[in-house]
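Open the model in your viewer and keep the sequence panel beside it. The stops below go from the whole chain to single residues.

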Amino acid sequence: MSSNAPGASAEPRLRIGLGYDVHACAQGRKLILGGVDIPHTQGLLGHSDADVLAHAVADAVLGAARAGDIGALFPDTDPAYAGADSLKLLAQVAAHVRELGFSIEDVDCVVAAQAPKLSPHREQMRINLAAALGIDVEHVGVKATTTERLGFEGREEGISAQAVALLRCS
């Protein structure tokens, strides 16, 4: 809506943010996605627990609030975040955007991984993300896809996640 349209305000009532994260696969690490410890031959490399799904959601929420990104809030150079639980970081992100005057309305995300099969864990991921965000599980979507063996995900060198978040200005 243009600024001179009827009913226009200086501050949009709704905002959308996009988040993306990727981590390399690594032996000897747990695979944590959406706060779920998924049995697999390898996990993800990262300073925290490397939960690409929670990281993508955090960046989507921060993006919608125009509040930077997860790396600015929780730098990987800070030893305090070594091995951090990404769901706890996501809960801090949710609290931060609420303090800025936003409510989190809806989140949708997708994980790209050739393996393991994620569908058995999808509902628990939704529940975990919703709890961290402080919203109803019906407002959190989680999907998974393979890349048909194309790219780094298809070669099982890493896993990526994308998320969108809808925030309302309070």
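**Helices across the sheet**

This is a predicted model. Start with helix H3, residues 86-99, and show S5 and strand S7 (158-169) with it: H3 lies across both strands. Looking along the axes, H3 runs at about 145 degrees to S5. Next select helix H4, residues 122-133, which lies across S5 and S6. The angle between H4 and S6 is about 140 degrees.

**The whole chain**

Now zoom out and colour by secondary structure. The protein chain has five helices and seven strands. Reading from the N terminus, the elements come in the order β-β-β-β-α-α-α-β-α-β-α-β. The C-alpha trace spans about 55 × 35 × 25 Å along its principal axes. How does the radius of gyration fit a compact globule? A compact globule of 170 residues would come near 15 Å, and the protein chain has 16 Å, which agrees.

**The sheet, strand by strand**

Hide the helices and show the strands. Five of them form an open sheet in the order S4-S1-S7-S5-S6, with mixed pairing. The edges are strand S4 (43-44) and strand S6 (140-145), each of which pairs on one side only. Strands in a sheet pair through backbone hydrogen bonds, in either a parallel or an antiparallel sense.

Walk across the sheet from the S4 edge:

- S4 and S1 are antiparallel and joined by two bridges. Select Cys25 to find its bridge partner in S4, Leu44.
- S1 and S7 are antiparallel too, with 11 bridges between them. Select Tyr20, whose partner in S7 is Gln162, and then Arg15, which is partnered in S7 by Leu167.
- S7 and S5 also run antiparallel, joined by 10 bridges. Here Asp108 stands opposite Val164 of S7.
- S5 (residues 102-112) and S6 pair in the parallel sense over six bridges. Select Val110 and look for Lys143, its bridge partner in S6.

While the strands are on display, turn on their side chains. In a regular strand, side chains alternate between the two faces of the sheet.

**The largest pocket**

Bring the helices back and show a surface. Which residues lie nearest the centre of the largest pocket? Select His23, Ser48, His55, Phe74 and Asp76; the full lining has 15 residues. Strand S1 (14-26), helix H1 (52-64) and helix H2 (70-73) are the elements that give two or more residues to this lining. S1 provides the largest share, three residues. The space in the largest pocket is about 210 Å³. By class, six lining residues are nonpolar, six are polar and three are charged.

**An enclosed space**

How many cavities of 30 Å³ or more are there? The count is one. The largest cavity holds about 40 Å³ of space. To find it, select Cys25, His40, Gln42, Ala113, Gln114, Ala115, Glu153, Glu156, Gly158 and Ile159, which line it. Four of the lining residues are nonpolar, four polar and two charged. Cys25, already visited as the partner of Leu44, is one of the lining residues.

**Two backbone stops**

Switch to a stick view of the backbone for the last two selections. Most residues other than glycine have a negative phi, and most peptide bonds are trans.

Stay at Ala115, one of the residues lining the largest cavity, and select Pro116 with it. The peptide bond from Ala115 to Pro116 is cis, and its omega is near 0 degrees. Pro116 is in the loop between S5 and H4.

Then move to Arg66, in the loop between H1 and H2. What is the phi of Arg66? Its phi is near 55 degrees, a positive value in a residue other than glycine. The two helices on either side of this loop, H1 and H2, are among the elements that help line the largest pocket.

Definitions and conventions
Residues are numbered from 1 along each chain as its sequence is written. This is a predicted model: local features need pLDDT of at least 70, side-chain atom pairs count only at pLDDT 80 or more; totals for chains, interfaces and linings use all residues. Side-chain values use heavy atoms; hydrogens and water are left out. Two strands pair if DSSP finds at least two bridges between them. Helices (H or I, at least four residues) and strands (E, at least two) are DSSP runs, numbered from the N terminus. Contact means heavy atoms within 4.5 Å. Axes are lines fitted to C-alpha atoms, for helices over the stretch in contact, and angles run from 0 to 180 degrees between N-to-C directions. On a 1 Å grid over the protein atoms alone, a cavity is a set of points where a 1.4 Å probe fits but cannot get out, and a pocket is an open set with protein on both sides within 12 Å along at least five of seven lines; lining residues have an atom within 4 Å of a point. Grid points are joined across faces, edges and corners, and a volume is the space filled by probe spheres set on the points. Ala, Val, Leu, Ile, Met, Phe, Trp, Tyr, Cys and Pro count as nonpolar, Asp, Glu, Lys and Arg as charged, and the others, Gly among them, as polar. The radius of gyration is taken over C-alpha atoms; the globule rule is 2.2 Å times the number of residues to the power 0.38.
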